[in-house]
Amino acid sequence: MHKVELSYLLSAERGKDALIRNPLMDMLHAVREHGSISKASRELDLSYRHVWGSLKEWEKTLGRELIIWDKGQRARLTEFGEKLLWAERQAQARLAPQIEALRGDIERAFSTAFDDNAHVLTMYASHDAALSALREQTSPRGLHLDIRFMGSVDAIAALNAGRCMMAGFHTLEQPGMASVAAQSYRNLLKPGLHKLIGFAHRSQGLIVAKNNPLRISGLADLKRAGLRYVNRAEGTGTRVLLDELLGQAGMKAADVQGYQSQEPSHTAVAQTIASNAADVGLGIEAAAHEKGLNFVPLVQERYHLVCLKSELPTPPVQALLTELQSPNWQTTLHKLPGYSGELAQSGQVLSLRAMLPWWSYRKPKTSTK
C-alpha cells in the first residue's frame, strides 16, 4: 500500500476551495475534463512537457498506468486513474471539517511570524522548573520561548555554535578557580564575548522517598551500603555539582552505588525514586514536591542565562529582560518550591568576571628604566 504525505503552501490569500491540493489529482482531473495533455497543461498554466513528464513519473512511482494514450482519440483516464480521483473525493469530503480545523491551527501558528510585536527566542538550557513556568507566562504576552532542555555544557556549546540565542546553566555561588564548575565552563565562556543574565536562585539537595524512611540526612549517607543512587548524565550542571560536593566531602564516585546511572532531568530522577527504582538522587526541590517526595536541602545555587554580547540589544532578548524584571515574574518565582526571587537578580545583566571569578589576567610589567 502506498503512503500519503501532506504538505502546505503559504500564500497571501486562500484558494477557491478548502481542499488539500495534490498536483497529480489536479493533472488527472484536468486531463479527464479536457481530453488532452495540451489542453490540461493550459488549464493548469504548466508546460506540456512538464505535465507529460510528471504523469510518466507518477506511473513509474505508483506502478500503474494512469492515462490511455490512443492516437487520434481523446486522452482518458485508466480505471486506476478514475479510482484515484474517486478515492480522493471521498477522503476530502469525509475529512473536510478536520482539514479546515487543521488549516486554521496552522494559520494561527504562523500568525506569530507575521506579528511584529511577537518574538521567538530559542534557548538550550539545563533542566529547570522555573524556565518551564517562564515559558507558560510569556507566551500569552507574545514572547515565545523555544526551549530545548539538555546538559549545561552542551547548552553553552550550542550557543557558541550558533544553534540557539541563549543558554541556561547553573553553578554554586562564587565557584572558585579550582572548582569542577570552573573546569567545566571556563573554556566555554569568555568575558567580552558573552553576557550573563540573572535568572533564578534555587535550592539543590537530595530527593528521597516520601517520609524519608531511610533517614537520609546528607551527602555522607550516599556511602551507605545498599543505598541506590540515581545520577544525571555527564555534562549536566547537576552532575557537575555532585562531583563538586563529593570532592568537598572527600568522597569519590566509587563510593556512590548508582553513580553510573543516568536520567535526563530532575523530574526523571524524582520519578525513578517515586517508583522505588532508586532511593536517592540530587535534584531541585520543585521536582521532589511535584512527585510527593521528601527533600533534603544541601546547597543554594544560581541559575544563569547567557547570550552573546551581540544578541543583547535584539528585540527577543530585550523582551525577555523586561519580562524577568516584572512583578509578575517575581510572584511566579516565589510560588515555586525551593526558589528565591530576592537573590536571583532576575533580568539584570551581570558581570561575568564577578559572578564566575575564574579568569585572572597578569598585569603588564612596569618598566624599571
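Me: Why does Asn-211 count as exposed?

Reply: This is a predicted model, by the way. In it, Asn-211 has 58% relative accessibility. Exposed means over 50%, so Asn-211 counts as exposed.

Me: Where does Asn-211 lie?

Reply: Asn-211 lies in the loop between strand 6 (194-208) and strand 7 (229-230). Asn-211 also has a positive phi of about 70°, although it isn't a glycine.

Me: What makes Arg-215 exposed?

Reply: Its relative accessibility is 58%, and the cut-off for exposed is over 50%, so Arg-215 counts as exposed. Arg-215 is found in the loop between strand 6 and strand 7, and it has a positive phi of about 55° without being a glycine.

Me: What about strand 6 itself: why is it called largely enclosed by the rest of the structure?

Reply: Buried means under 20% relative accessible area. In strand 6, 14 of the 15 residues are buried, so the strand is largely enclosed by the rest of the structure.

Me: How do you know that strand 6 and strand 9 pair?

Reply: Pairing needs at least two bridges. Strand 6 and strand 9 (residues 294-308) have 14 bridges, in the antiparallel sense, so they count as a pair. As an example, the bridge partner of His-201 in strand 9 is Arg-302.

Me: And what makes strand 6 and strand 10 a pair?

Reply: Two bridges join strand 6 to strand 10 (residues 339-340), and the strands run antiparallel. The rule asks for at least two, so they pair. In strand 10, Ser-340 stands opposite His-201.

Me: How do you know that strand 6 pairs with strand 8?

Reply: There are five bridges between strand 6 and strand 8 (residues 280-284), again antiparallel. With a cut-off of at least two bridges, that makes a pair. Here Ile-207 stands opposite Gly-281.

Me: What joins strand 6 to strand 11?

Reply: Two bridges do, and these strands run antiparallel. Strand 11 covers residues 349-350, and its Val-349 is the bridge partner of Ile-197.

Me: Zooming out, how does the radius of gyration of the protein chain sit against a compact globule?

Reply: A compact globule of 369 residues would have a radius of gyration near 21 Å, but the protein chain has 30 Å. The C-alpha atoms fill a box of roughly 100 × 65 × 45 Å along the principal axes.

Me: How many helices and strands does the protein chain have?

Reply: The protein chain has 13 helices and 11 strands. Of its 369 residues, 44% count as buried.

Key: Residues numbered from 1 in each chain as written. Predicted model: local features only at pLDDT ≥ 70, side-chain atom pairs only at ≥ 80, totals over all residues. Heavy atoms only, no water. Helix = DSSP H or I, 4+ residues; strand = E, 2+ residues; numbered from the N terminus. Buried < 20%, exposed > 50% of the residue type's maximum accessible area, 1.4 Å probe, protein only. Rg over C-alpha atoms; globule rule 2.2 N^0.38 Å.
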